[in-house]
Amino acid sequence: MNVKTISMAGCAMTLALSGASSAFAQAPAAPLPPPQVTHGAPVPGVCVFSGEAAIGASTVGKYVFTRLQQLTQQASAEVSTEETTLNADAKTLDGQRATLDQNTFETRASAIQVRANALQRKVQQRNAEMQRTQEKALGRLSDEIAPLVRTSYQARGCSILFNREALTLNLANPAMDITSPVVTALNAKITQFAFDRERLDQAAPTAAAAPRPAAPAAAAPAPRR
């Protein structure tokens with residue numbers, strides 16, 4: 001068993017969590033300014049909306065992505081601390097190899113491998129927790145935005161609403177775009193909400209329910225005379 005290999009595995013695991021953080025906690029990039037084009041007349045009853053732009057431009061959307069970044073950094077730091085200790089112990093054992101008998105060395109190396117495996121499982125769990133945290137936070141944003149979109153849709157007299165990102169080159173006459181009023185309404189409605197990292201640790205098994213007492217036996221019918 002190569003103790004150095006265990007040490008390098010720890011490094012790879014921390015990098016995996018750090019890489020996941022960029023996917024979780026990076027706010028959407030600001031949309032590029034639309035190209036200078038001449039639009040045709042607005043189509044009556046046709047409206048467009050960009051959920052990504054609304055989240056990225058809103059106060060609460062920026063707060064959510066900042067909070068996600070904080071939570072991911074905390075999880076990454078927690079794993080990194082364990083990785084540092086694991087690497088130090090592996091390096092120490094590797095340096096003692098010449099002075100230890102084979103059985104002692106293999107026993108200690110096996111213990112380090114167990115810790116490395118546990119660390120890998122923790123990294124996987126933290127990634128899953130951050131994924132779940134992001135899903136719930138964005139779900140909350142969607143719930144906050146949905147009624148505002150409907151209100152703006154009705155106020156503008158829309159008959160159909162298109163996702164702006166789905167349009168070719170993201171082009172649409174700005175007069176048909178209801179994203180801006182939705183952002184204004186969202187900023188007036190909510191600017192932040194508290195949330196923490198979701199925990200996926202298995203809950204302790206609940207005690208088995210006590211057996212229900214048996215129902216009393218029905219009385220036997222009286223014999224006929």
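Rings of Phe, Tyr and Trp (its six-membered ring) pair if their centres lie within 6.5 Å; planes under 30 degrees apart count as stacked, over 60 as edge-to-face and the rest as tilted. The model is predicted: local features need pLDDT of at least 70, side-chain atom pairs count only at pLDDT 80 or more, and totals for chains, interfaces and linings use all residues. Residues are numbered from 1 along each chain as its sequence is written, and side-chain values use heavy atoms, with hydrogens and water left out.

**Exercise 1. Classify the aromatic pairs and place their residues.**

Step 1. Searching the whole structure gives 2 aromatic pairs.

Step 2. Take Tyr63 and Phe195. Their ring centres are 6.4 Å apart and the planes stand at 85°, so this pair is edge-to-face.

Step 3. Locate both residues. Helices are DSSP runs of H or I with at least four residues, strands are runs of E with at least two, and both are numbered from the N terminus. Tyr63 belongs to helix α3 (residues 59-95) and Phe195 to the segment after α5 (179-189), so the pair ties together parts 132 residues apart in sequence.

Step 4. Take Phe193 and Phe195. Here the centres are 5.6 Å apart and the planes at 40°, so the pair is tilted.

Step 5. Join the pairs. Tyr63, Phe193 and Phe195 form a cluster linked by ring pairs.

Step 6. Check burial (buried is under 20% relative accessible area, exposed over 50%, partly exposed in between; 1.4 Å probe, protein chains only). Phe193 is buried at 8% relative accessibility. Phe195 is buried at 12%. Tyr63, at 22%, is partly exposed.

**Exercise 2. Find the charge over a ring of the cluster, then its salt-bridge partner.**

Step 1. Apply the criterion: NZ of Lys or CZ of Arg within 6 Å of the ring centre and within 35 degrees of the ring normal. Arg140 lies over the face of Phe193, 4.5 Å from the ring centre.

Step 2. Look for a salt bridge (a side-chain nitrogen of Lys or Arg within 4 Å of a carboxyl oxygen of Asp or Glu). Arg140 forms one with Glu144, with the closest N and O atoms 2.8 Å apart.

Step 3. Place the partners. Glu144 and Arg140 are 4 residues apart in helix α4, about one helical turn.

Step 4. Compare exposure. Glu144 is buried at 12% relative accessibility, whereas Arg140 is partly exposed at 32%.

**Exercise 3. Trace salt bridges between α3 and α4.**

Step 1. The whole structure holds 12 salt bridges.

Step 2. Arg126 meets Glu78 at 2.8 Å, N to O. This pair links α4 (Arg126) with α3 (Glu78), 48 residues apart. Arg126 is buried at 7%; Glu78 is partly exposed at 28%.

Step 3. Arg115 meets Asp89 at 2.9 Å, N to O. Arg115 is in α4 and Asp89 in α3, 26 residues apart. Both are partly exposed: Arg115 at 34%, Asp89 at 31%.

Step 4. Follow shared partners. Glu78, Glu82, Lys122, Arg126, Glu129 and Arg197 make one salt-bridge network.

**Exercise 4. Assign the two faces of α5.**

Step 1. List the buried residues: Thr179, Val182, Val183 and Leu186.

Step 2. View down the axis, taking directions from the helix axis to the C-beta atoms. The buried residues of α5 fall within an arc of 100°, so they line one face of the helix.

Step 3. Turn to the face away from the buried side. Ser180, Thr184 and Ala188 are exposed there.

Step 4. Identify the packing partners (contact: heavy atoms within 4.5 Å). The buried residues of α5 pack against β1 (46-49), α2 (51-57), α3 and α4 (102-155).
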